[in-house]
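This briefing covers residue contacts, a nonpolar core, one helix and one pocket. The sequence and structure come before the details.

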Amino acid sequence: MKEFEHQNVAYNFPLERYCQSLLTIVAILIVAHISLNYLDIRHDNIHWLIIELFHLDEENNIPTWFSSFMLANNAALLAVIAIKATTHRLHWHLLAIGFLILSIDEVAGIHESFNTVSEMNWTLVGAVLVADLFVIYIPFLRSLQPRIMFGYVLSGVIFVSGALIIEFFSRNIDSDSLTYVFATSAEEGMEMLGSLLFLFFNLTHLKQSQRSFVIDVG
């Protein structure tokens with residue numbers, strides 16, 4: 001039997017093309033959510049199954065799985081960065097675990113379950129946790145290149161604004177109104193955009209530190 005020699009295969013990842021494709025999907029999902037709900041509210045002629053399939057505030061549908069996919073992408077990249085990092089490895093590992101939990105929660109709806117067993121809104125607990133983590137991660141952020149640091153902070157602000165702030169202020173809006181449709185579009189859209197932006201800067205950081213991805217064959 002012929003033995004294969006152990007070799008490394010390096011290739012350049014199409015970073016911009018990949019992120020542009022994901023951004024296109026985000027835009028399509030937001031437009032589909034607004035359009036279908038608008039037509040249903042104004043004309044009441046859209047089948048409920050089609051609406052739920054693209055509804056940004058429903059579970060176990062296309063937007064939910066796509067959001068979970070992007071969060072899982074971030075978790076995987078952060079794990080790779082953590083393995084290859086020479087400093088702040090614990091911070092990278094904790095970020096990877098955090099995004100894995102967010103990916104699971106997106107599908108499992110763990111934070112929604114919190115509201116069913118507690119009178120306190122989960123967004124208040126989330127806000128305290130985010131503030132504490134930001135303080136803890138300040139030395140880590142300052143160790144990064146300025147562009148990467150800015151990208152991480154910006155993506156975090158966008159994601160948290162959607163996940164916590166907009167959700168907090170929209171919790172009492174009538175779910176059958178157009179106001180609710182646009183509120184959920186802003187909330188989930190900002191979460192997806194924040195996750196995508198964070199993914200872009202994770203890929204950028206990994207490519208800058210490695211110049212190319214390396215696959216072990218054999």
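Outside its neighbours within four places in sequence, Met192 is in contact (heavy atoms within 4.5 Å) with Val26, Leu29, Ile30, Leu56, Phe66, Ser67 and Met70. The model is predicted: local features need pLDDT of at least 70, side-chain atom pairs count only at pLDDT 80 or more, and totals for chains, interfaces and linings use all residues. Residues are numbered from 1 along each chain as its sequence is written, and side-chain values use heavy atoms, with hydrogens and water left out.

**Nonpolar core**
- The largest nonpolar core (buried Ala, Val, Leu, Ile, Met, Phe, Trp, Tyr and Cys joined through side-chain atoms within 4.5 Å) has 36 residues, and Trp92, Tyr152 and Met192 touch the most other members.
- At least two residues of this core come from each of H1 (15-43), H3 (62-84), H4 (89-108), H7 (138-142), H8 (146-169) and H9 (178-210); helices are DSSP runs of H or I, at least four residues, numbered from the N terminus.

**Helix H8**
- The 24 residues of H8 should span 34 Å at 1.5 Å a residue (1.5 Å times one less than the number of residues), which agrees with the 33 Å between its end C-alpha atoms.
- H8 bends by about 40 degrees at Ser161, the angle between axes fitted to the seven residues ending there and the seven starting there.
- Buried residues (under 20% relative accessible area, 1.4 Å probe, protein chains only) in H8 include Tyr152, Phe159, Ser161 and Glu167.

Terms used: Buried means under 20% relative accessible area, exposed over 50%, partly exposed in between (1.4 Å probe, protein chains only).
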